[in-house]
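Subject: Structure for you to look through

Dear colleague,

I am passing on a structure that I would like you to look through at your own pace. Please open it beside this message, and keep it in view while you read my notes.

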Amino acid sequence: MRLVIDESRCKGCNLCVLVCPYGIFREGREQNQRGVIVPELDRPERCTNCRLQHLYGRLLCGMCQMICPDQAIAWEEERPYEPHRVEVEF
Amino acid sequence: MSAADWQRIDRLPNIYCAGCGNGSVINCTLAAVEEMGWTRENTVFISGIGCSSRAPGYILTDSLHTTHGRALAFATGVKLANPALNVVVFTGDGDLAAIGGNHFIHACRRNVDMTAICMNNQIYGMTGGQGSPTTPRGAISTTTPYGSAEPVFDLAELAVAAGANHVARWTSYHVKELMAAIATGLQTPGFSLVEVMTQCPTNYGRRNRLRQVSDMIEHLRTHALLVQKRDRLIREGKPIPEGMFVVGELVRRHRPAMGVRA
Ligand SMILES: Cc1ncc(C[n+]2csc(CCOP(=O)(O)OP(=O)(O)O)c2C)c(N)n1
Ligand code: SF4
Ligand code: SF4
Ligand SMILES: [Mg+2]
């Protein structure tokens with residue numbers, strides 16, 4: 001699955017930046033067309049939900065989605081066999 | 001179904017300011033309601049007036065957005081007329097404890113089977129930042145420009161004293177704990193108050209040197225004192241640090257309740 005921020009809802013409060021235990025959200029730098037500085041995602045494929053949601057059949061961590069006051073965070077299905085790089089940290 | 005299926009996405013983005021805690025409280029409530037297996041048909045959300053009280057407008061169930069302070073009175077009517085409904089009330093510190101104070105203590109006394117979630121941002125958010133019964137001593141608001149001189153209400157302790165069957169307090173930062181506390185409230189027959197200390201960066205933080213959302217969150221996080229720790233300090237005869245508020249479950253009991261489904 002893929003972690004996405006809905007830019008039409010995000011207000012740039014950066015609460016997600018505060019709570020993600022993997023540090024995936026980073027304060028953004030550029031305003032979008034609505035004048036909101038949406039956070040950037042740093043290697044989102046490290047998110048447990050992206051990797052393991054299907055295996056466990058339920059939402060894991062989910063801190064960012066729960067705290068986002070603007071219901072802007074979700075996980076999307078990916079197209080089958082979409083190539084992506086996974087970095088494993090030791 | 002998932003928590004997202006309860007949201008009125010056609011009304012998003014919501015009207016709340018960037019970083020307002022109210023949206024997080026809605027998320028936690030919907031996750032708890034979803035965990036209960038309730039349906040949109042048998043659940044009603046009721047609120048008074050205020051930013052916090054706008055919450056039912058973002059949920060896909062029947063709801064009542066009532067007059068200021070009267071949410072619990074309307075909710076009592078709904079629950080007693082049809083005990084088959086699950087009743088959840090959203091309210092604010094002004095709505096619940098100032099104009100609605102009398103309804104609050106009597107809903108606790110009657111122990112009507114419902115869950116009230118109070119988003120306590122310690123201010124009248126919607127009307128531009130007037131002081132409320134929970135505005136801390138010394139805090140600046142538009143009606144206390146030199147700092148509030150009044151003692152405050154402890155809403156959770158008030159509910160315990162007035163007879164509610166379940167009372168808990170958390171913050172909008174402690175989302176997992178808050179969700180669990182709301183779920184306990186929904187399960188408990190009788191009146192449940194879940195008080196949520198929330199950040200209002202616009203009308204509270206801006207005037208009280210907590211302008212950034214992260215400053216407000218840090219303030220909530222560092223001023224929350226776990227109830228078990230408070231009890232330990234009392235047992236050991238140690239002082240309770242100034243300016244802290246207690247979080248956790250303050251009471252869960254089985255006083256006779258009204259409106260409980262037979
Ligand atoms: C009878 C009546 N008196 C006063 C008002 C004005 N009023 C609207 S919201 C509000 C305060 C709301 O404060 P709170 O319940 O803390 O909600 P918040 O906006 O902080 O979430 C007041 C005084 C009103 N709408 N109706
Ligand atoms: S918590 Fe939500 S609204 Fe705030 S910056 Fe993150 S995605 Fe945007
Ligand atoms: S005024 Fe305060 S309570 Fe109201 S939406 Fe803004 S931040 Fe939230
Ligand atoms: Mg308020």
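Below I describe the ligands first, then the cavities and pockets, and last two points about the backbone.

Please bear in mind that this is a predicted model, in which local features need a pLDDT of at least 70 and side-chain atom pairs count only at pLDDT 80 or more, while totals for chains, interfaces and linings use all residues. Residues are numbered from 1 along each chain as its sequence is written, chains are lettered from A and ligands numbered from 1 in the order in which they are written, and side-chain values use heavy atoms, with hydrogens and water left out.

**The ligands**

Ligand 1 is surrounded by 16 residues, and the closest of them are Cys51(B), Ser52(B), Asp93(B), Asp95(B) and Gly125(B); a residue counts as near a molecule if one of its heavy atoms lies within 4 Å of it. Oxygen atoms of ligand 1 take part in polar contacts, meaning pairs of N or O atoms within 3.5 Å. One such distance is 2.7 Å, to a polar backbone atom of Asp95(B), another is 2.8 Å, to a polar backbone atom of Gly125(B), and a third is 2.9 Å, to an N or O atom in the side chain of Asn121(B). Taken alone, ligand 1 exposes 590 Å², and the protein buries 73% of that, with accessible areas taken from the Shrake-Rupley method with a 1.4 Å probe. Helix α3 (residues 93–98) of chain B gives the largest share of the shell around ligand 1, namely three residues; helices here are DSSP runs (H or I) of at least four residues and strands are DSSP runs (E) of at least two, numbered from the N terminus. That shell has six nonpolar, eight polar and two charged residues, where Ala, Val, Leu, Ile, Met, Phe, Trp, Tyr, Cys and Pro count as nonpolar, Asp, Glu, Lys and Arg as charged, and the others, Gly among them, as polar.

Around ligand 3 you will find residues of chain B, including Cys17(B), Cys20(B), Cys51(B) and Cys200(B), and this shell has six nonpolar, five polar and no charged residues. Ligand 2 is surrounded by residues of chain A, among them Cys10(A), Cys13(A), Cys16(A), Cys68(A) and Asn14(A), and the shell around ligand 2 has seven nonpolar, two polar and two charged residues.

**Cavities and pockets**

Rolling a probe the size of a water molecule over the atoms shows where empty space is left. On a 1 Å grid over the protein atoms alone, a cavity is a set of points where a 1.4 Å probe fits but cannot get out, whereas a pocket is an open set with protein on both sides within 12 Å along at least five of seven lines, and lining residues have an atom within 4 Å of a point.

The whole structure has three cavities of 30 Å³ or more, a volume being the space filled by probe spheres set on the grid points, which are joined across faces, edges and corners. What fills the largest cavity? Its space is taken by ligand 2, in the sense that more than half of the atoms of a molecule must lie within 2 Å of the grid points. The largest cavity has a volume of about 90 Å³, and its 14 lining residues include Gly12(A), which is one of those nearest its centre. The second largest cavity holds about 80 Å³, and Cys20(A), Cys47(A), Cys61(A), Cys64(A) and Trp75(A) lie nearest its centre.

The largest pocket has a volume of about 780 Å³, and among its 32 lining residues Gln122(B), Pro136(B), Gly243(B), Met244(B) and Phe245(B) are the closest to its centre. Helix α7(B) gives the most to this lining, with four residues. The second largest pocket, of about 680 Å³, is lined by 27 residues, and those nearest its centre include Leu59(A) and Ser2(B).

**The backbone**

Most residues other than glycine have a negative phi, and most peptide bonds are trans. Asn14(A), however, has a positive phi of about 65 degrees although it is not a glycine, and the peptide bond from Leu12(B) to Pro13(B) is cis, with omega near 0 degrees.

Best wishes

Technical notes
A polar contact is a pair of N or O atoms within 3.5 Å; within protein, one must be able to donate a hydrogen and the other to accept it, and residues adjacent in sequence count only if both atoms are side-chain atoms.
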